[in-house]
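Colleague: I would like a close look at one part of this model. Please start there, then work outwards.

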2 protein chains.
Amino acid sequence: MSTNNSNALDALIQALRRLPGVGLKSASRMAFHLLQHDRSGAQLMAQALNQAVTQVLHCSMCNTFTQTEVCSTCQDSQRDQTRLCVVETPADQQALERTGAYKGLYFVLMGKLSPLDGIGPKDIGLQKLFQRVAPRAAAGEDRPVSVVTEVILATNFTAEGETTAHVISEGLKARGILVTRLARGVPIGSELEYVDLGTIAHALVDRR
Amino acid sequence: MSTNNSNALDALIQALRRLPGVGLKSASRMAFHLLQHDRSGAQLMAQALNQAVTQVLHCSMCNTFTQTEVCSTCQDSQRDQTRLCVVETPADQQALERTGAYKGLYFVLMGKLSPLDGIGPKDIGLQKLFQRVAPRAAAGEDRPVSVVTEVILATNFTAEGETTAHVISEGLKARGILVTRLARGVPIGSELEYVDLGTIAHALVDRR
């Protein structure tokens, strides 16, 4: 839809292309829809973008998105302060929360190690995680510095997620922390015939 | 990714869901990407949205998006003023322009008749088109009121596009204008075996 009739339209299409998974045709369709059918939606979106950019911070405890210094989950004194579950994204945290099976705290990496994409330990919250779990005591002090006794690795079961889990595991074991990983196994409701062999093999080894 | 930690984040996700083809998961992924990796892109997008909403108008001649009263295509005196090609969207106009085979003017409906979606003649530029092609002379006047001698219907070859073409055709023939339609036929590069029967039947009838 790019035309030489409207620079503002071209600029909007180019801006929309910065969204993940949106190419030229999708961006054009989006711009057309907003300008032809939903100008109030476009204004709302502009406002929401500006507000989010200025107001959304990272929680100083768990690194997730929040508008306060410490997010409401980390502020919740009812939660088990000794367990810390490490996830890649806020969406993963939400999935775990919806199970209702976990009452501890979280740490959100906001990414995963992915050397092929140039994403190394400094690009995700690894140092912040190590500092959160096992902060180094200031020189001369000798006090208990963290109440976390178990770190549960809930990064995805992809190549990058497994790598990330491995690196965290190595780093934390060196600091004397108990590190566990979500169980691998056959998903509920699935038929063995259609489950991949690696999963079945893991389920056999981890049988109970 | 929706959390109770950040109202600004939730508002952004809800705003992004107004884009066509974007559901909750896509909107969450987009918001995550913008806030984690591309805050400057988010600001740019907000700016582009506001500028487009305030600056993009409809051309008074052809109804397409433009920032001036009359778009540059309609202002081009090199173009054949007697031919007018009717398309559904600016994207369709662009496709025709890229062929280089058409030197006349355009009229962009900005939609198509779609009774099932509640889109009638008043929701697209039909009246504006009739006024453009065959304006009614003011009372008492008896002058030639339009130079358009041929209207080429280039709406899509879908059910809605064909309906739209039919309605325009009836309306303009009543006003004594020559109305033509893009030829239906076998696309270049295709093998007959894989072309649908309706297309082959049309190509047979319209053989030359």
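Leaving aside its neighbours within four places in sequence, which residues is T89(A) in contact with?

Modeller: A caution comes first: this is a predicted model. Now your residue. With neighbours up to four places away set aside, T89(A) is in contact with V108(A) and F32(B). One partner belongs to chain A and the other to chain B.

Where does T89(A) sit? Look in chain A, in the loop between β3 (80-87) and α5 (90-99). Is T89(A) buried or exposed? Its relative accessibility is 17%. Buried means under 20%, so T89(A) counts as buried. Next, compare sequence with space. T89(A) and T155(A) are 66 residues apart in sequence. From C-alpha to C-alpha, they are 8.7 Å apart in space.

The contact with F32(B) takes us to chain B. How do the two chains relate? Chain A can be laid on chain B by a turn of 180°, with a shift of 0.0 Å along the axis. The RMSD of that fit is 0.1 Å. The two copies are thus related as by a two-fold rotation axis. The contact residues follow suit: 100% of those in chain A recur in chain B, and the same surface serves both copies.

Which residue of chain A comes closest to the rotation axis? It is A46(A), with its C-alpha at 2.0 Å. Now find A46(A) in α3(A), where it is among the residues that meet α3(B). Each of these helices spans residues 39-55 of its chain. Their axes are 8 Å apart, and the packing angle is about 150°. Angles over 145 degrees count as roughly antiparallel, so α3(A) and α3(B) are roughly antiparallel to each other. Their crossing is left-handed. Read the contact list from one end. On the chain A side it has R39(A), A42(A), Q43(A), M45(A), A46(A), L49(A), N50(A), A52(A) and V53(A). On the chain B side it has R39(B), A42(B), Q43(B), M45(B), A46(B), L49(B), N50(B), A52(B) and V53(B).

Stay with chain B. F32(B), the partner of T89(A), has a number inside the range of α2(B), residues 24-37. This helix packs with α1(B), residues 7-16. The angle is about 125°, with the axes 8 Å apart. The two helices are therefore oblique to each other. α1(B) passes α2(B) in a right-handed crossing. From α1(B), the contact uses L9(B), L12(B), I13(B) and L16(B). From α2(B) come L24(B), A27(B), S28(B), M30(B), A31(B) and L35(B).

Back to chain A, where T89(A) lies after β3. Before that strand, in the loop between α4 (72-75) and β3, lies R79(A). At 13% relative accessibility, R79(A) counts as buried. What does its side chain reach at 2.6 Å? The backbone oxygen of G104(A). Beyond four places in sequence, R79(A) is in contact with T73(A), E97(A), Y102(A), K103(A), G104(A), L105(A) and Y106(A).

Now check R79(B) in chain B. Its loop runs between α4 (72-75) and β3 (80-87). R79(B) counts as buried, at 12% relative accessibility. A polar atom of its side chain lies 2.6 Å from the backbone oxygen of G104(B). Setting aside residues up to four places away, R79(B) touches T73(B), E97(B), Y102(B), K103(B), G104(B), L105(B) and Y106(B).

Two other loop residues of chain B deserve a glance at their backbone. N63(B) has a phi near 80°, a positive value in a residue other than glycine. Its loop lies between β1 (57-58) and β2 (65-66). N63(B) counts as buried, at 8% relative accessibility. For M110(B), phi is near 60°, again positive in a residue other than glycine. M110(B) lies in the loop between β4 (104-108) and α6 (126-133). It is buried, with a relative accessible area of 1%.

Finish at V167(B), in helix α7 (residues 159-173) of chain B. V167(B) counts as partly exposed, at 30% relative accessibility. Outside its neighbours within four places, V167(B) is in contact with L113(B), L126(B) and F130(B). Where is R29(B) from here? V167(B) and R29(B) are 138 residues apart along the chain, and their C-alpha atoms are separated by 43 Å.

Technical notes
Residues are numbered from 1 along each chain as its sequence is written. Chains are lettered from A and ligands numbered from 1 in the order in which they are written. This is a predicted model: local features need pLDDT of at least 70, side-chain atom pairs count only at pLDDT 80 or more; totals for chains, interfaces and linings use all residues. Side-chain values use heavy atoms; hydrogens and water are left out. Copies are superposed by least squares on the C-alpha atoms of residues with pLDDT of at least 70 in both. Contact means heavy atoms within 4.5 Å. Helices (H or I, at least four residues) and strands (E, at least two) are DSSP runs, numbered from the N terminus. Buried means under 20% relative accessible area, exposed over 50%, partly exposed in between (1.4 Å probe, protein chains only). A polar contact is a pair of N or O atoms within 3.5 Å; within protein, one must be able to donate a hydrogen and the other to accept it, and residues adjacent in sequence count only if both atoms are side-chain atoms. Axes are lines fitted to C-alpha atoms, for helices over the stretch in contact, and angles run from 0 to 180 degrees between N-to-C directions. Angles under 35 degrees count as roughly parallel, over 145 as roughly antiparallel, 65 to 115 as roughly perpendicular and the rest as oblique. A crossing is left-handed if the near helix is turned anticlockwise from the far one by less than a right angle, and right-handed if clockwise.
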